Amino acid sequence: MRYEIRFAGFGGQGVVLAGFILGKAAALYGGLEAVMTQSYGPEARGGASSANVVISDTAIDYPFVQAPHLLVALSQEAYTKFSPSTEVDASILIDQDLILPKADDPVYSIPATSIAEQLGKRIVANMVMLGFLTTIYKRIPTEAIETAIKDSVKPKTIELNLEAFTKGYEYGLQAITAKR
């Protein structure tokens with residue numbers, strides 16, 4: 001079972017951190033193999049950024065994402081660039097506050113930025129998306145991701161990041177139930 005996930009957006013959105021946390025949760029706390037590669041523009045903030053995570057239950061012999069099974073897009077540019085390269089039956093998660101999808105694309109629209117702003121910090125939209133992703137990709141227990149969050153963010157931001165993750169997870173459960 002090889003599963004490819006791409007997080008994409010722009011610098012400052014925590015795209016790389018979300019990928020790192022997912023990979024860490026899989027490898028250290030989920031009993032799976034994981035590898036992450038990242039790419040970002042030369043700008044500190046605002047340039048293109050992506051994190052690519054490969055998760056498998058066997059050794060990973062090729063560490064790069066070629067056709068993601070799951071795309072998390074946090075900017076219009078990322079969505080436009082990466083949605084055509086996804087697997088045929090891929091799940092595409094978009095921040096509905098920032099992206100206008102093509103009419104025929106089957107996407108999950110999440111108000112990640114709005115939810116994060118309600119929590120007081122727009123920067124945790126990445127954790128909202130990670131929470132939603134957890135409802136789609138069920139191979140990693142929520143407890144493993146929560147532990148990875150606690151181990152990966154600054155101590156003073158743990159509570160906020162966990163709350164954002166939980167809000168995204170709850171939103172995802174509601175969205176999946178509504179789709180049935």
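1. At 43% relative accessibility, F64 is classed as partly exposed. Its ring pairs with that of Y62: the centres are 5.5 Å apart and the planes stand at 70°, so the pair is edge-to-face, the angle being over the 60 degrees required. Y62 is likewise partly exposed, at a relative accessible area of 38%. These values, like the others in this note, come from a predicted model.

2. The count of aromatic pairs comes to five. Elsewhere in the chain, a single aromatic cluster is made up of Y108, F132 and Y171. Two of its members, Y108 and F132, reappear in point 6 as contacts of L93.

3. The sheet is open and has six strands, in the order 2-3-1-4-5-6, with mixed pairing. Its edges are strand 2 (33–40) and strand 6 (107–110); each has a single partner strand, so one side of each lacks a neighbour in the sheet. From one strand to the next the twist averages 15°. As general background, strands of a sheet pair through backbone hydrogen bonds, in either the parallel or the antiparallel sense.

4. Strand 4 deserves a separate look. Strand 1 (residues 2–10) runs parallel to strand 4 (residues 70–73), and four bridges join the two. Within that pairing, I5 has L70 as its bridge partner in strand 4. Strand 4 also pairs with strand 5, again in the parallel sense and over four bridges; here A73 stands opposite I94 of strand 5. Between strand 4 and strand 5 the chain passes through helix 2 (residues 76–82), giving a β-α-β crossover that is right-handed.

5. Is strand 4 covered on one face or on both? Both faces are covered: L70 and V72 lie on one side, L71 and A73 on the other, and all of these residues are buried. In a regular strand, side chains alternate between the two faces of the sheet. The assignment of L70 and V72 to one side and L71 and A73 to the other can be checked by eye in the model.

6. The largest nonpolar core has 43 residues, and F7, L93 and I140 touch the most other members. Helix 4 gives the most to this core, namely eight residues. For L93, leaving aside residues up to four places away in sequence, the contacts are L70, L71, V72, A73, Y108, I110, M129, F132, L133 and I136. A further core of ten residues lies apart from the largest one, and its members include A78, Y79, I92 and I94.

7. Two helices that pack on the sheet should be mentioned. Helix 1 (residues 15–29) touches strand 1, strand 2 and strand 3 (48–56), and its direction makes about 10° with that of strand 3. Helix 4 (residues 125–136) touches strand 1, strand 4, strand 5 (91–95) and strand 6; with the direction of strand 5 it makes about 155°.

8. Where does A26 sit? A26 belongs to helix 1 and is buried, at 0% relative accessibility. Beyond residues up to four places away in sequence, A26 touches G31, L32, A34, I55 and I140. One of these contacts, I140, is among the residues that touch the most other members of the largest nonpolar core. A26 and M36 are ten residues apart in sequence, and their C-alpha atoms are 11 Å apart in space.

How values were computed:
Residues numbered from 1 in each chain as written. Predicted model: local features only at pLDDT ≥ 70, side-chain atom pairs only at ≥ 80, totals over all residues. Heavy atoms only, no water. Phe/Tyr/Trp six-rings, centres within 6.5 Å; stacked < 30°, edge-to-face > 60°. Buried < 20%, exposed > 50% of the residue type's maximum accessible area, 1.4 Å probe, protein only. Pairing = 2+ DSSP bridges. Axes fitted to C-alpha atoms, helices over the stretch in contact; angles between N-to-C directions. Contact = heavy atoms within 4.5 Å. Core = buried A, V, L, I, M, F, W, Y, C linked by side-chain atoms within 4.5 Å. Right-handed = clockwise from strand over helix to strand, strands pointing away.
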